[in-house]
Structures are given as structure tokens and as C-alpha cells.
There are 2 protein chains.
Amino acid sequence: MDPDAVSKAFVEHYYSTFDANRPGLANLYQDSSMLTFEGQKIQGSQAITAKLNSLPFQQCQHHISTVDCQPSGTGGMLVFVSGTLQLAGEQHALKFSQMFHLMPTPQQSFYVQNDIFRLNYA
Amino acid sequence: MDPDAVSKAFVEHYYSTFDANRPGLANLYQDSSMLTFEGQKIQGSQAITAKLNSLPFQQCQHHISTVDCQPSGTGGMLVFVSGTLQLAGEQHALKFSQMFHLMPTPQQSFYVQNDIFRLNYA
């Protein structure tokens, strides 16, 4: 397993799901998962997907600039992303950074244990 | 132990050491530590501090905009920082994001297991 390839594949899957089928993100979180969204702390798949689905924009497109990854030392993988978020009808894209801590599932896949998102207001 | 207070204290210590006494950062890393600096992967306290000390600017000042933290689920703590980096003699500050995975030491302190740094070129 090439960690760089896994993290790039995860990032592509995550943001294409976010942009095309946001409720589908529920599969990537579990009850222990944590999201900090612009400083707001949310725990558990259900609450996290409720938050993501209630964001005040319906259509958006993420463009990824960089993806970095490291093993977290505990069987997990840290993925650090920077990019831009284009909201429908808005002229300027917003810069963002986001980090994920992916943990393995028994099905040889990953779920998101930690997720921290920040806009950078560039 | 309040994780938010610990992470804020760590962040203040880290960047004030970086700005005033960069070689002092060596104490915060161990042989297992990993740094990804603008995509370049470096491992081990010695190589990491050599990299940080060889950056092509001598004087700089970090200003912190946001600090988010979450337990990593393994006794560690994830700290996610956004801010600006002012280089001496430069007119404009650079935006950056950085994440740390802190792991506890037997001395009830923390070391940096994972460190990923990216400039956002705002």
C-alpha cells in the first residue's frame, strides 16, 4: 500500500462526493469521528453529516492544490490538504486547508477519525 | 488536562522558539518524528532541525490566526494552526497552515510525532 496513492485517492473521493452527493459522506465517518469546522466541534457520523448538509451553500466545487500524508504512528494516516472552494454564483474562490486522520476498517478501507477544516479567507 | 489549553500553550512555545531560538526546536522532536515541509519529507529530530535551521531566512515572526485541536484517539493530540509568517525585510506576510500530532512523553510533556507545513501564497 502506497500511502501517497491511498491519500490522493481518498482526497479525490472525499471532495467529489462532497461536491456531487454530500449525504454520501456519511459512509466515511463513524460514531467516534470528530469534525472541527471553522472552530465548531461536532462528534459522530450523524451530527457531522447533518452539519455538512446544512452548510449555507448547495452547490460548490473543491479544487485541490496540495495533498501531504504521513503515517500517524498508530496504524492510521494523516492527510493534509490545501485548495480552493468555489461556491456557485460567487466570483472568487475561497482558500481552505483541511486535515484528516484516517483509521483502517476491518474491510481494509479507511474511515475519518479526525477532520479539521479552516477557510483562509485569501 | 484541557486539550485546548495544552495545544495553545504548545503553539505559543513552538513559534516563539522558532522566531527567537530556532535550534531550540530540536527538543520538541524525536527520532521517530516526521516533517513534511512544502512537500519535502524529512525524518528524525536531527534532520528536521537541520532543515528548519537552513531555511533561507534568518529572521521571521509567526502570527497565529487559529488553533484547533482534537484527541487523535491514541493518547496523542492533533493541533491544526493557521497564521501568517512575516520575513524580515519583506513587505507582505505569507499565509501558512501547519498541523502537528503531539504524543505524550514519560515526563508528562509532549513531543511532535508528525508535522506538516504548507504556505498558502495568499
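Across the interface of chain B and chain A, 17 residue pairs are in polar contact, with both partners at pLDDT 80 or more. The model is a predicted one. On the chain B side, five strands each supply at least two residues that touch chain A. They are listed here.

| Strand of chain B | Residues |
|---|---|
| E1 | 29-37 |
| E3 | 60-71 |
| E4 | 77-87 |
| E5 | 94-104 |
| E6 | 110-119 |

The residues on this side of chain B divide into 10 nonpolar, 13 polar and six charged.

Charged pairs also cross the interface. Four salt bridges are found between chain B and chain A. In one salt bridge, the side chain of Asp68(A) meets that of Arg118(B), at 2.7 Å from N to O.

Now the extent of the contact. Chain A gives 29 residues to it, and chain B gives 29 residues. Together the two chains bury about 2400 Å². Carbon and sulfur atoms carry 57% of that area.

One residue of chain A can be placed as well. Ala9(A) lies in helix H1 of chain A, which spans residues 3-20. Is Ala9(A) buried, partly exposed or exposed? The relative accessible area of Ala9(A) is 44%, so the residue counts as partly exposed. Buried would require under 20%, and exposed over 50%. Along the chain, Ala9(A) and Pro106(A) are 97 residues apart. Their C-alpha atoms are separated by 19 Å.

Conventions: Residues numbered from 1 in each chain as written. Chains lettered and ligands numbered in written order. Predicted model: local features only at pLDDT ≥ 70, side-chain atom pairs only at ≥ 80, totals over all residues. Heavy atoms only, no water. Contact = heavy atoms within 4.5 Å. Buried area = accessible area lost by both parts, 1.4 Å probe. Polar contact = N/O pair within 3.5 Å; in protein donor to acceptor, adjacent residues only side chain to side chain. Helix = DSSP H or I, 4+ residues; strand = E, 2+ residues; numbered from the N terminus. Nonpolar A, V, L, I, M, F, W, Y, C, P; charged D, E, K, R; others polar. Buried < 20%, exposed > 50% of the residue type's maximum accessible area, 1.4 Å probe, protein only.
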